[in-house]
Amino acid sequence: MGNVVRVLYFGAAQELTGKSSEKLNAGDTGSLCRVMLEKYPSMRTLSFRIALNRNLLREESVLMENDEIAILPPLQGG
Amino acid sequence: MKNRYLVGGPITPLLISELWTLGNDDAGAGAVSIFIGKVRDDEVNGRRVTAIEYSAYNEMADKEAEEIVKTVQAAFSDVRKVIIVHSTGIVRAGEASLLIMVTAGHRDHSTRACRHTLEMVKEQLPVWKKEIY
C-alpha cells in the first residue's frame, strides 16, 4: 500500500537509473528507498539525500499522493 | 520556468558587466566583491577535461539561492546586495560557471559575505556536473 509519488533523479542518480523522473508507489521515504534500490541495485553505491516537495529531508517522512521527491547525489556546484 | 539564479551556458564578460552596473544606482555601496568560478582543464586518469556540463534542480535552486541571499543579508548588516548566478548546460574549460557579487557599505562585510555566499552555494545549491573530455 502507498501513494503514487513523482521521483526526480539528478546527477549520478540519473545516470544509474537511466531516467530523469518516474512515478513510484510508496507510503513513506523509507519504503520508497527500498523500492528504488530493489529496482536499481547500482544505486546502492551512491550516497544521496532526499528532497520532499523541494525541501531537504533530515529524517524519514510520510508520503502523500502526488508528492515530488528528488534524489540528490552530493552537490557539485561552483 | 524562468530562474533568476541560473543561466544557460557560460557566464560571459558581458553578463558580468551588466550585473555589475546594477549596483551603480546605490551610491551608499562603497565596496563590491566579486567571485568568478571557472572550469579548469584538469587531467583525470590521463584525459584532459575540455568542458563541464552542469545540470540543476531548477525549482529548488531558486528557493535555495533565495535562502542563501536572505541568510547572508541577515548575517552581515552592512551588505546591500547579493547576486548569485550559476551556469547550466555546457561550459568550456577557461569559461566562467559561477558568479557571486556582493555590495556593501564597506570592504570588510563585502569580502567576508562574498566568501560566505560562495561556501553556502557549494553546500546548498542543487547543481551537478559531468566532465566532458
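**The sheet of chain A and the interface with chain B**

In this predicted model, chain A holds an open sheet of five strands in the order β2-β1-β5-β3-β4, with mixed pairing.

Trainee: Which strands of chain A are the edge strands of this sheet?
Mentor: An edge strand is one that pairs on one side only. In the order β2-β1-β5-β3-β4 of chain A, that description applies to β2 (21-26) and β4 (55-56) of chain A.

Trainee: In which sense, parallel or antiparallel, do β1(A) and β5(A) pair?
Mentor: The sheet has mixed pairing, and β1(A) pairs with β2(A) in the antiparallel sense over six bridges, with A:V7 having A:E22 of β2(A) as its bridge partner. Towards β5(A), A:L8 has A:A70 as its bridge partner, and the four bridges between β1(A) and β5(A) run in the sense you ask about, which is parallel.

Trainee: Which residue in β5(A) stands opposite A:A51?
Mentor: Strand β3 (residues 49-52) of chain A is joined by four bridges to strand β5 (residues 68-72) of chain A, and the two run antiparallel. Within β5(A), the residue that stands opposite A:A51 is A:A70.

Trainee: What angle does the direction of helix α2 of chain A make with that of β2(A)?
Mentor: Helix α2 (residues 29-39) of chain A packs on the sheet, where it touches β1 (3-9), β2, β3 and β5 of chain A. Taken against the direction of β2(A), which is one of the edge strands, the direction of this helix makes an angle of about 125°.

Trainee: Which residues of chain B lose the most area to chain A?
Mentor: The interface brings 18 residues of chain B into contact with 18 residues of chain A, and the two chains bury about 1,500 Å² between them, 59% of it on carbon and sulfur atoms. Together accounting for 43% of what the chain B side buries, the residues that lose the most area are B:Y57, B:M60 and B:W128.

Trainee: How many residue pairs are in polar contact across the interface of chain B and chain A?
Mentor: The rule finds zero salt bridges across this interface, although the side of chain B that touches chain A includes six charged residues, alongside nine nonpolar and three polar ones. For polar contact, with both residues at pLDDT 80 or more, the number of residue pairs is 11.

Trainee: Which element gives the most to the side of chain B that touches chain A?
Mentor: The elements that give two or more residues to that side are β5 (51-56), α2 (58-75), β7 (96-104), α3 (107-124) and β8 (127-132) of chain B. With four residues, the element that gives the most is β8(B).

Note on methods:
Residues numbered from 1 in each chain as written. Chains lettered and ligands numbered in written order. Predicted model: local features only at pLDDT ≥ 70, side-chain atom pairs only at ≥ 80, totals over all residues. Heavy atoms only, no water. Contact = heavy atoms within 4.5 Å. Buried area = accessible area lost by both parts, 1.4 Å probe. Salt bridge = Lys/Arg side-chain N within 4 Å of Asp/Glu carboxyl O. Polar contact = N/O pair within 3.5 Å; in protein donor to acceptor, adjacent residues only side chain to side chain. Nonpolar A, V, L, I, M, F, W, Y, C, P; charged D, E, K, R; others polar. Pairing = 2+ DSSP bridges. Axes fitted to C-alpha atoms, helices over the stretch in contact; angles between N-to-C directions.
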